[in-house]
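The following note is written for a colleague who is beginning to read protein structures. Please keep the sequence and the model in view while going through the numbered points.

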Amino acid sequence: MNEKKLVHIESIAIRWGDMDAMGHVNNTVYFRYMEQARIAWFESLVPRSAAWGEMSIVIVNASCNFRRPINYPGTVAVQVFAGAPGGSSVPTFYELKIEDELYADGAATVVFVGRDQKPLRIPDNIRTLIQ
């Protein structure tokens with residue numbers, strides 16, 4: 001099943017310092033934009049008392065397709081989509097858009113981990129929100 005569900009949108013201001021010597025946002029920053037959106041999504045799922053203590057997330061892979069160069073100034077809307085969750089992981093997908101035009105898309109497999117950094121079964125209440 002390749003169904004994806006839109007689970008979060010994060011608006012991120014493009015900073016002057018995000019650009020490189022070529023005059024566009026450095027490729028590594030695209031991953032940071034996706035990370036910032038992923039963290040905001042996670043924090044919307046997990047009670048603050050549990051986030052980053054009892055439970056956190058790590059990624060086991062990440063990819064990005066660079067479609068168009070992003071330039072300063074502007075705001076990137078990062079859409080986060082979730083696929084069907086497994087036991088402790090969920091595939092996530094990202095679209096980086098400026099004024100509804102696609103500049104990049106990517107993916108990352110997110111694994112929920114406990115305090116000991118070992119995989120943790122996704123709690124049912126969070127699984128319901130993801131599906």
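Is R15 buried or exposed? R15 counts as exposed, with a relative accessibility of 53%. Please bear in mind throughout that the model is predicted.

1. **The salt bridge of R15.** The partner of R15 is D18, and the closest N and O atoms of this salt bridge are 2.8 Å apart. The two residues have opposite surroundings: R15 is exposed at 53% relative accessibility, whereas D18 is buried at 2%. D18 counts as buried because its value falls under the 20% cut-off.

2. **Other salt bridges.** The structure holds four salt bridges. Among them is the pair of R68 and E101, whose closest N and O atoms are 2.3 Å apart. R68 lies in the loop between β2 and β3 and E101 lies in strand β5, so this salt bridge ties together parts that are 33 residues apart in sequence. R68 is partly exposed, at 34% relative accessibility, and E101 is also partly exposed, at 43%. Another salt bridge joins E95 to K97, with 3.4 Å between the closest N and O atoms. E95 counts as partly exposed, its relative accessibility being 22%.

3. **Charges over rings.** R68 deserves a second look, for its charged end sits over the ring of Y103, 4.5 Å from the ring centre. R68 thus appears in two kinds of interaction: a salt bridge with E101 and a placement over the ring of Y103. A similar arrangement is found for K4, whose charged end sits over the ring of F81 at 5.5 Å from the centre.

4. **The pair of W16 and Y72.** How many aromatic pairs does a search of the whole structure find? The search finds five. One of them is formed by W16 and Y72: the ring centres are 5.5 Å apart and the planes stand at 90 degrees, so the pair is edge-to-face. The reasoning rests on the angle, because planes over 60 degrees apart count as edge-to-face. This pair links distant parts of the chain, 56 residues apart: W16 is in the loop between β1 (5-13) and α1 (27-45), and Y72 is in the loop between β2 (55-66) and β3 (75-82). W16 is exposed, with a relative accessible area of 61%, while Y72 is partly exposed, with 38%.

5. **The pair of F31 and F66.** Here the ring centres are 6.5 Å apart and the planes lie at 75 degrees, so this pair, too, is edge-to-face. F31 belongs to helix α1 and F66 to strand β2, and the pair links these distant parts of the chain across 35 residues. F31 is partly exposed at 33% relative accessibility, and F66 is partly exposed at 37%. Together with Y30, the residues F31 and F66 form one aromatic cluster.

6. **Helix α1.** Does the length of α1 agree or disagree with its number of residues? At 1.5 Å a residue, the 19 residues should span 27 Å, and the end C-alpha atoms are 28 Å apart, which agrees. The buried residues of this helix are V29, Y30, Y33, M34, A37, R38, A40, W41, F42 and L45. These buried residues pack against β1, β2, β3, β4 (89-98), β5 (101-114) and α2 (124-130).

7. **R38, a buried charge.** R38 is located in helix α1. Although R38 is buried, it has no salt bridge; the nearest side chain of opposite charge is that of E35, 5.0 Å away. The absence follows from the cut-off, because a salt bridge needs the nitrogen and the carboxyl oxygen within 4 Å. Leaving aside residues up to four places away in sequence, R38 touches I57, I59, V80, Y94, A108 and V110.

8. **Q131.** Q131 lies in the segment after α2. Its relative accessibility is 55%, and Q131 therefore counts as exposed. Residues up to four places away in sequence again being left out, Q131 touches K5 and P85. The C-alpha atoms of Q131 and Q79 are separated by 16 Å, and these two residues are 52 residues apart along the chain.

Terms used: Residues numbered from 1 in each chain as written. Predicted model: local features only at pLDDT ≥ 70, side-chain atom pairs only at ≥ 80, totals over all residues. Heavy atoms only, no water. Phe/Tyr/Trp six-rings, centres within 6.5 Å; stacked < 30°, edge-to-face > 60°. Helix = DSSP H or I, 4+ residues; strand = E, 2+ residues; numbered from the N terminus. Buried < 20%, exposed > 50% of the residue type's maximum accessible area, 1.4 Å probe, protein only. Lys NZ or Arg CZ within 6 Å of the ring centre and 35° of its normal. Expected span 1.5 Å × (residues − 1). Contact = heavy atoms within 4.5 Å. Lys, Arg positive; Asp, Glu negative; His and termini not counted.
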